[in-house]
Amino acid sequence: MLKKRFSKFRTISLLFVTIFTLALAGCTSDNTSSNAGSDSGSSSGDDVTEITFWHGATDIGLTALETMVKAFEEKNPHIKVNMVYTESSEGADQKLLTAVAGGNPPDVALFDRFKIGSWAAQDSLTDLTDMAETDGITKDLYYGYAWEEANYEGRLYGLPYSTDSRLLYYNKDHFEAAGLDPENPPKTIQELEVAAEKLTKKNGNRFEQIGLIPWYGQGWLYGWGWSFGGDFFDEESGLVTADDPKIVEALQWMTDFGKKYNVEDIAGFESSAGTAAMDPFILGQISMKVDGNWTISAIEKYKPDLNYGVTPIPTPTGTDFTTWSGGIGIVIPKGAKNVEAAWEFVKYFGTQEGQEVYFAELPGDLSVIPEVNENLGRGDNPILKQFIDILPNSNSRPVIPEGQLLWNELVTATENSTRENGTPQENLEKATETVNKALEKYK
Amino acid sequence: MAELSKATNTRPVNEVRKKKSFIKSNIHGWLFASPWIIGFLAFFAFPLIASIYFSFTTYSILKPGDFVGVQNYKELMQDDLFWKSIYNTIYFTIFYVPLSIIFGVALAMMLNMKVKGMAIYRTIFFLPTLVPHVALAVLWMWLLNPGFGLINGMLEIIGIQGPNWLGSETWSKPSLVLMSLWGIGQAVIIYLAGLGDIPNELYEAAEVDGANWWQKTRNVTIPLLTPVIFFNLVMGAIGAFQQFTLPYTMTQGQGTPANSLTFYVMYLYDNAFKYFQMGYASAMAWILFIIIMSLTAVIFITSNRWVHYQGK
């Protein structure tokens with residue numbers, strides 16, 4: 001009797017052990033099976049290596065990507081690209097984060113260049129410097145800022161491909177109605193203020209038409225700060241300089257602007273603003289705004305007959321126009337299994353040949369390679385041309401491990417200053433201090 | 001003598017047998033519960049305990065980091081945004097929890113009346129809880145739109161110029177309280193169950209004594225509803241402290257305007273996944289745990305003063 005019971009106990013414990021081993025095996029089987037997958041892949045198709053490629057493209061972006069991948073595969077028959085969609089948002093970053101932390105990342109991924117600094121500092125991107133050197137890929141190929149944004153502490157962590165820039169959009173009909181010359185948009189900050197005042201029609205605390213909201217659309221402090229001649233980062237000391245007097249001046253100007261038109265009323269206008277076809281610039285509710293080149297296609301789509309022009313963001317002097325640019329790069333996450341094949345793909349997409357195939361499908365988008373934009377005739381569109389013309393003088397946000405923190409701190413400083421919680425000087429000093437303190441731990 | 005020894009002998013044998021059969025019957029129970037137990041240990045207990053350790057390190061998910069002792073906790077004490085997020089969270093809790101109780105009880109009492117089609121009314125008030133938070137955020141952003149939102153439109157009809165709800169530092173948190181109150185249906189269901197538990201005799205007795213509606217409510221309904229209110233108070237406070245989805249989706253994670261909608265868990269999330277400060281975020285999580293724990297303890301301690309259970 002006892003013995004029988006004991007044996008029962010044994011079978012049960014055996015069952016437990018089996019379940020556990022199976023569970024454990026389940027955890028590891030991923031590795032082995034994927035290895036087996038690539039092994040069998042390489043043996044079956046005359047040494048074909050399969051690389052996994054994470055992207056967040058849909059619609060025409062996806063078509064362009066697929067065309068480019070097909071062209072790449074034709075040129076490199078020994079590499080097969082397995083495209084995997086991961087939605088393009090913060091969620092995608094989190095997926096990549098867990099994949100890298102779990103040691104099972106994709107071979108190649110599209111990646112916001114803005115985040116290269118912080119991810120490289122976490123040692124989670126593959127260093128491409130040597131491979132790029134061997135294959136003769138240098139900074140001369142790209143716009144300066146784009147190359148800078150792909151490098152962290154002198155090492156290359158990705159190749160840039162897409163870019164954008166920001167200019168001042170203005171409604172020509174509004175200009176005419178207000179007695180301004182539509183062919184001669186404001187160049188200096190002072191002219192901008194005058195134009196904004198003439199263009200604003202306010203009724204009580206409601207705006208029937210507002211000339212300008214400095215921070216609307218893409219009017220971040222980054223853009224105004226650079227346009228005022230400020231610098232956000234000191235290369236030599238490796239410290240953030242958001243309290244640069246020129247940036248303080250820019251924020252002071254934004255604050256004064258907000259005060260003049262009452263910031264709460266402006267906020268009311270902003271939160272009433274619609275998007276897409278209901279965009280206030282398209283509806284003619286706002287006469288001037290800073291925005292990116294992607295707005296051109298939105299206007300073409302929703303109101304093709306809108307009479308508008310673009311001009312560089314005004315500066316205090318009316319010279320030295322600048323802007324800032326972001327964009328996407330292509331990276332090899334740390335721990336990728338087929339780095340060599342992945343590099344072949346990164347190289348193709350990161351250089352002229354692949355980009356020409358890709359951007360041919362996306363007429364509104366800009367490449368980081370000047371020749372590509374030229375060869376594809378991007379300059380034929382007079383409005384898009386202005387966005388391209390300013391690219392050589394564009395800036396990229398500082399490549400630091402705390403890029404996101406700096407961004408959030410600048411947004412907070414802007415909001416607090418315009419709402420008069422502290423002066424621009426105080427708020428920017430605080431932002432600078434916070435970010436520099438966070439940077440200490442990377443030294 | 002022989003019988004006696006037999007008797008004394010059988011007892012331990014019986015006990016052993018009992019013990020054995022106890023193990024035997026339990027083994028099957030454990031076996032059936034094992035998927036849950038393994039899941040609980042691997043996905044709850046382990047991360048929970050690990051996060052205590054992480055809170056003393058500079059762990060960043062991608063890098064193990066160094067052990068820094070209480071550095072994270074020290075830094076938190078000097079972090080302005082941390083205090084701001086605590087202020088926002090407490091502000092929200094203080095307004096939301098009592099209001100949700102007042103409205104919840106009032107609504108439950110109304111939905112407890114014997115009126116035709118009550119099932120329909122009850123369904124209507126429960127429906128909003130089925131709306132996902134993200135959809136709720138989008139819906140309310142339209143309702144609260146200062147220019148052509150429904151709420152300001154109605155205020156205008158009665159001659160009030162509505163505020164700029166979500167764009168104003170003063171009104172953003174009250175707006176959020178308003179939005180959250182919309183999804184009160186779950187609590188109302190519990191209050192309704194509580195109301196159903198109150199025996200009719202008590203009302204009859206009160207009527208015999210000549211009590212009016214207010215006296216019945218004050219002396220019968222509310223006291224006997226206190227156990228349910230107590231439950232909803234604890235759950236509501238915990239939920240309010242963990243407010244995340246609604247403000248996060250509404251402000252795209254920025255807590256705009258001017259961080260007036262940056263709640264505790266939002267800042268925690270930013271630290272963990274945007275700033276690569278999982279250690280710091282773990283420290284925040286434990287502070288939140290201590291806050292919620294002590295708040296719950298306070299509610300529990302005071303409860304025997306104001307919670308009346310039936311039959312006591």
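# Exercises on a predicted two-chain model

In chain B, the C-alpha centres of domain 1 and domain 2 are separated by 42 Å. The model is predicted.

**Exercise 1. Domains**

Find which residues make up the domains of chain B, then do the same for chain A.

Solution.
- Start with chain B. Domain 1 covers 1–54, and domain 2 covers 71–306.
- Turn to chain A. Domain 1 is built from 46–164 + 326–395. Domain 2 is built from 166–324 + 402–442.
- Add the spacing. In chain A, the C-alpha centres of domain 1 and domain 2 lie 29 Å apart.
- Look at the contact between these two domains of chain A. Domain 1 gives 16 residues and domain 2 gives 17 residues.
- Find the elements on the domain 1 side. Helix H4 (116–121), helix H16 (382–389) and strand E18 (394–395) of chain A each supply at least two residues. H16(A) has the largest share, 4 residues.
- Sort this side by class. It has 7 nonpolar, 7 polar and 2 charged residues.

**Exercise 2. Where the chains meet**

Describe the contact between chain A and chain B.

Solution.
- Count each side. Chain A gives 26 residues, and chain B gives 27 residues.
- Name the elements of chain A that give two or more residues. They are helix H1 (2–44), helix H3 (90–101), helix H11 (263–272) and helix H17 (403–418).
- Sort the chain A side by class. It holds 7 nonpolar, 11 polar and 8 charged residues.

**Exercise 3. A helix pair in chain B**

How are H3(B) and H10(B) oriented to each other: roughly parallel or roughly antiparallel?

Solution.
- Locate the helices. H3 spans residues 80–110 of chain B, and H10 spans residues 213–241 of chain B.
- Read the geometry. The two axes come within 9 Å and cross at roughly 150 degrees.
- Apply the cut-off. Angles over 145 degrees count as roughly antiparallel.
- Conclude. H3(B) and H10(B) are therefore roughly antiparallel.
- Add the hand. Their crossing is right-handed.
- Find the contact residues. Among them are Phe92(B), Tyr96(B) and Gly104(B) of H3(B), with Leu225(B), Asn232(B) and Gly236(B) of H10(B).
- Sort them by class. The contact has 11 nonpolar, 6 polar and no charged residues.

**Exercise 4. Another partner for H10(B)**

Which residues of H9(B) and H10(B) meet?

Solution.
- Place H9. This helix covers residues 200–208 of chain B.
- Read the packing. H9(B) and H10(B) pack at about 145 degrees, with axes 11 Å apart. The crossing is right-handed.
- List the residues. Leu202(B), Tyr203(B) and Ala206(B) of H9(B) meet Lys216(B), Asn219(B) and Val220(B) of H10(B).
- Sort by class. There are 4 nonpolar, 1 polar and 1 charged residues.

**Exercise 5. A covered helix**

How many residues of helix H12 of chain B are buried?

Solution.
- Take residues 264–274. Of these 11 residues, 8 are buried, and the helix is mostly covered.
- Name some. The buried residues include Tyr264(B), Met266(B), Leu268(B) and Asp270(B).
- Find the cover. It includes H3, H10, helix H11 (245–250) and helix H13 (278–306) of chain B.
- Look past the end. Phe276(B) follows H12(B) and has a positive phi, near 55 degrees.

**Exercise 6. One glycine**

Is Gly179(A) buried or exposed?

Solution.
- Find the residue. Gly179(A) sits in the loop between helix H7 (172–177) and helix H8 (189–199) of chain A.
- Count the neighbours. There are 7 C-beta neighbours inside 10 Å of Gly179(A).
- Apply the cut-off. A residue with 12 or fewer is exposed.
- Conclude. Gly179(A) therefore counts as exposed.
- Add a distance. Ala195(A) is 16 residues from Gly179(A) along the chain, and their C-alpha atoms are 9.5 Å apart.

Notes: Residues are numbered from 1 along each chain as its sequence is written. Chains are lettered from A and ligands numbered from 1 in the order in which they are written. This is a predicted model: local features need pLDDT of at least 70, side-chain atom pairs count only at pLDDT 80 or more; totals for chains, interfaces and linings use all residues. Axes are lines fitted to C-alpha atoms, for helices over the stretch in contact, and angles run from 0 to 180 degrees between N-to-C directions. Angles under 35 degrees count as roughly parallel, over 145 as roughly antiparallel, 65 to 115 as roughly perpendicular and the rest as oblique. A crossing is left-handed if the near helix is turned anticlockwise from the far one by less than a right angle, and right-handed if clockwise. Two residues are in contact if their C-beta atoms, placed from the backbone, lie within 7 Å. Ala, Val, Leu, Ile, Met, Phe, Trp, Tyr, Cys and Pro count as nonpolar, Asp, Glu, Lys and Arg as charged, and the others, Gly among them, as polar. Domain bounds come from an automatic or database domain assignment. A residue is buried if 20 or more other C-beta atoms lie within 10 Å of its own, exposed if 12 or fewer, and partly exposed in between; C-beta atoms are placed from the backbone.
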